[in-house]
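Colleague: I am new to reading protein structures, and I would love some help with this one. Could we go through it together, one question at a time?

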Amino acid sequence: MRRWNTEVAIVGAGWSGFRSISPDLSFREMMFEAATKAYSDAGIDPRRDLDGLVTAEEDFHEGVAISDEYVPDQMGAVLKSVHTIAGDGLQALAAGVMQIAAGAGRIVAVESHSKASNVLNLDQITALALDPVYQRPLEAHPIFIAGLEFRRYLEVTGTPIEHVARVVVKNRRNALRNPRAAFPADLTLEDVLHSEPLAEPLTRAMAADPADGCVVFVLARGDVARTLTDRAVWIRGLGWATDSYTLENRDWEGARYLRQAAERAYRQAGIQSPRRAFDLVEVDDTFAYKELQHLEALGLCRPGEAGRWTAEGATEVGGELPVNPSGGCLGEGHLLEASGLARLLEAVLQLRGEAGPRQVPNARTALVASWRGLPTTTGAVAVLSREP
Amino acid sequence: MPLKERIPHLHEVRSWRGSIQLEGVYTVGVAGERWLQGLQEGRIYGTRCLRCRYTYVPARLFCERCLGHLGEDAWIEVGPQGTLMAWTQVHVAPDGQRLSHPRCIGLVRLDRADALMVHELQAEDRPLQVGLRVEAVFRSPAERVGSLRDVAYFRPLP
């Protein structure tokens with residue numbers, strides 16, 4: 001993929017939550033809160049200035065059919081171009097960027113949310129995503145996929161399980177300095193290793209718990225962005241890919257989906273050596289081993305190196321390359337389809353220098369990578385910069 | 001005063017409780033029909049793409065690598081022995097409840113196949129390791145119905 005002819009920037013960001021439950025708010029009110037913050041942050045009047053809206057959501061998580069019809073009113077997007085992606089929020093970001101690049105709009109909002117606390121049987125919904133003929137007859141919780149992949153990761157890379165546990169300790173500690181985080185905690189390696197097993201070697205503490213929240217961004221064409229703000233964050237590269245979905249033929253070792261997505265995003269951004277290209281990384285850590293596997297797939301270190309790197313503190317705030325200063329999904333909570341936008345939100349705030357006590361000094365470039373979660377093989381990558 | 005300032009108890013939060021009923025059938029298709037019939041006969045079939053040198057299990061009518069058609073001559077028998085690539089003890093049921101007895105699921109590369117198969121693994125007290133030789137154990141012919149579960153489980157070779 002070549003670079004687009006049109007520059008696109010993030011000119012506004014807003015959010016609601018994140019919290020483990022939110023019985024006081026409807027999902028529409030969460031979206032309204034996040035949207036009004038984002039529009040005010042961008043300094044736009046959505047009824048006058050907004051050209052379109054892209055959202056990411058799944059009907060089964062919303063509990064209604066055709067849930068994409070439920071979105072325009074609380075977003076100020078009634079009678080505007082509305083488009084919903086069944087996928088991760090970063091894929092909605094890509095759709096928004098492409099609309100601007102294609103000339104279909106000057107200012108486009110991107111939204112995704114999670115009202116996971118409304119879903120009374122999230123596990124069973126995830127199980128319904130398994131192949132009805134070849135997997136569902138096993139009647140197994142889909143977490144087995146994470147257990148098998150984790151085992152394979154440890155085997156192939158020789159990573160000690162303590163290094164994986166270290167990811168949980170780091171991310172939940174980072175979350176202590178993040179007011180958005182639903183699950184901040186000060187844990188020890190033993191707490192993580194000895195929490196109850198889910199799908200061995202995966203323990204409960206190594207798996208992100210779902211949370212409620214909403215994230216909204218305002219995107220603008222380059223020339224419009226310059227008139228709106230001097231804090232624009234520029235989207236330099238985007239890529240997304242889906243591996244074979246079948247358990248039989250997918251890659252069990254190296255998150256091939258993310259490697260592919262990253263290659264596209266790097267090519268677009270003109271990045272040759274990703275290891276030295278970024279000041280911080282926000283990457284999917286739905287399961288602790290995924291952070292390590294994803295760092296390797298992103299080419300930030302060699303296969304098998306991410307664990308040692310983590311154990312040495314290189315990925316701490318203040319280390320060589322801070323990874324998930326927000327606390328990641330483990331610390332902030334997993335926002336279902338919105339989890340990629342939650343990663344993006346932290347990167348945007350860091351690049352604007354607005355990350356408060358967890359600010360990475362002088363952050364100018366950031367890498368964001370998401371995974372669509374169990375049992376999918378879809379990942380997306382965004383390269384961000386303070387300069388166009 | 002139109003606004004309730006505070007709802008002191010969770011059970012006073014108004015909500016609508018519902019469930020989505022979705023009934024349907026999911027046809028297995030031409031290759032699936034034949035593959036499941038094979039299981040019923042106690043055989044595991046794959047289809048081999050000669051161009052990509054890759055054998056699919058369950059057998060498929062197409063190769064996802066070159067998108068070529070996998071016809072009659074692509075069908076070969078694979079397994080029932082294979083190599084354990086990974087395993088996990090699962091402690092939760094599909095509804096999220098904890099299982100009183102964890103179950104073991106294995107990832108197996110069947111001999112002559114490239115695709116990996118996921119199935120129940122019964123190892124008794126045998127220590128497990130990647131590379132362990134295993135075999136598929138079929139249910140008795142009378143119990144088979146043409147389902148993935150016609151293979152009862154995999155077990156380590158003695």
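What follows is a friendly conversation about a predicted model.

Colleague: Let's start where the two chains meet. How many residues of chain B are in contact with chain A?

Modeller: Remember that we are looking at a predicted model. On one side of the meeting place, chain A brings 35 residues. On the other side, the residues of chain B in contact with them number 43.

Colleague: What area do chain A and chain B bury between them?

Modeller: Of the area buried between the two chains, 65% is on carbon and sulfur atoms. The whole buried area comes to about 3,400 Å².

Colleague: Which residues form the salt bridge between chain A and chain B?

Modeller: The count between these chains is 1 salt bridge, next to 14 residue pairs in polar contact, both residues being at pLDDT 80 or more. In general, side chains of opposite charge can pair when their charged atoms come close. Here the N to O distance is 3.5 Å, and the two partners are Arg98(B) and Glu196(A).

Colleague: Which element of chain A gives the most residues to the side that touches chain B?

Modeller: The elements that each supply at least two residues are α5 (122–127), α6 (143–157) and β5 (197–199) of chain A. With 7 residues, the one that gives the most is α6(A).

Colleague: How many residues on that side of chain A are nonpolar?

Modeller: The residues on the side of chain A that touches chain B fall into three groups. There are 10 charged and 7 polar residues, and the nonpolar ones number 18.

Colleague: Now for a helix. How many residues of α4(A) are buried?

Modeller: Helix α4 of chain A covers residues 89–101 and reaches 18 Å from its first C-alpha to its last, close to the 18 Å expected at 1.5 Å a residue. The buried residues include Leu90(A), Leu93(A) and Val97(A). The helix is mostly covered, and of its 13 residues the number buried is 11.

Colleague: Which residue offers a side-chain oxygen to the backbone nitrogen of Leu90(A) at the start of α4(A)?

Modeller: We can look at both ends of this helix. After α4(A) comes Gly103(A), with a positive phi near 85°. At the start of α4(A), a side-chain oxygen reaches to within 2.9 Å of the backbone nitrogen of Leu90(A), and the residue it belongs to is Asp88(A).

Colleague: Why does Gln99(A) count as buried?

Modeller: Gln99(A) sits in helix α4 of chain A. Leaving aside neighbours within four places in sequence, Gln99(A) is in contact with Val54(A), His83(A), Ala104(A), Gly105(A) and Val108(A). The cut-off for buried is under 20% relative accessible area. Gln99(A) counts as buried because its relative accessibility is 18%.

Colleague: What is the relative accessible area of Thr55(A)?

Modeller: Thr55(A) belongs to strand β2 (residues 52–56) of chain A. Beyond the residues up to four places away in sequence, Thr55(A) touches Val71(A), His83(A), Thr84(A), Ile85(A), Ala92(A) and Glu111(A). Its side chain also has a polar contact of 3.0 Å with the side chain of Glu57(A). Thr55(A) is buried, and its relative accessible area is 0%.

Colleague: Back to salt bridges. How many residues apart in sequence are the parts tied together by Glu7(A) and Arg226(A)?

Modeller: This pair forms a salt bridge, with the closest N and O atoms 3.1 Å apart. Glu7(A) is partly exposed at 32%, and Arg226(A) is partly exposed at 44%. Glu7(A) lies in the segment before β1 (8–19) and Arg226(A) in helix α9 (residues 222–228) of chain A, so the parts tied together are apart in sequence by 219 residues.

Colleague: Which residue forms a salt bridge with Arg231(A)?

Modeller: Arg231(A) is partly exposed, with a relative accessible area of 29%. The closest N and O atoms of the pair are 2.5 Å apart. The pair links distant parts of the chain, 123 residues apart, with the partner in the loop between α14 (339–351) and β10 (365–371) of chain A. That partner is Glu354(A).

Colleague: One last count, please. How many salt bridges does the structure hold over all chains?

Modeller: One of them is the pair of Glu7(A) and Arg226(A), and another is the pair of Arg98(B) and Glu196(A). Over all chains, the number of salt bridges is 38.

How values were computed:
Residues numbered from 1 in each chain as written. Chains lettered and ligands numbered in written order. Predicted model: local features only at pLDDT ≥ 70, side-chain atom pairs only at ≥ 80, totals over all residues. Heavy atoms only, no water. Contact = heavy atoms within 4.5 Å. Buried area = accessible area lost by both parts, 1.4 Å probe. Salt bridge = Lys/Arg side-chain N within 4 Å of Asp/Glu carboxyl O. Polar contact = N/O pair within 3.5 Å; in protein donor to acceptor, adjacent residues only side chain to side chain. Helix = DSSP H or I, 4+ residues; strand = E, 2+ residues; numbered from the N terminus. Nonpolar A, V, L, I, M, F, W, Y, C, P; charged D, E, K, R; others polar. Expected span 1.5 Å × (residues − 1). Buried < 20%, exposed > 50% of the residue type's maximum accessible area, 1.4 Å probe, protein only.
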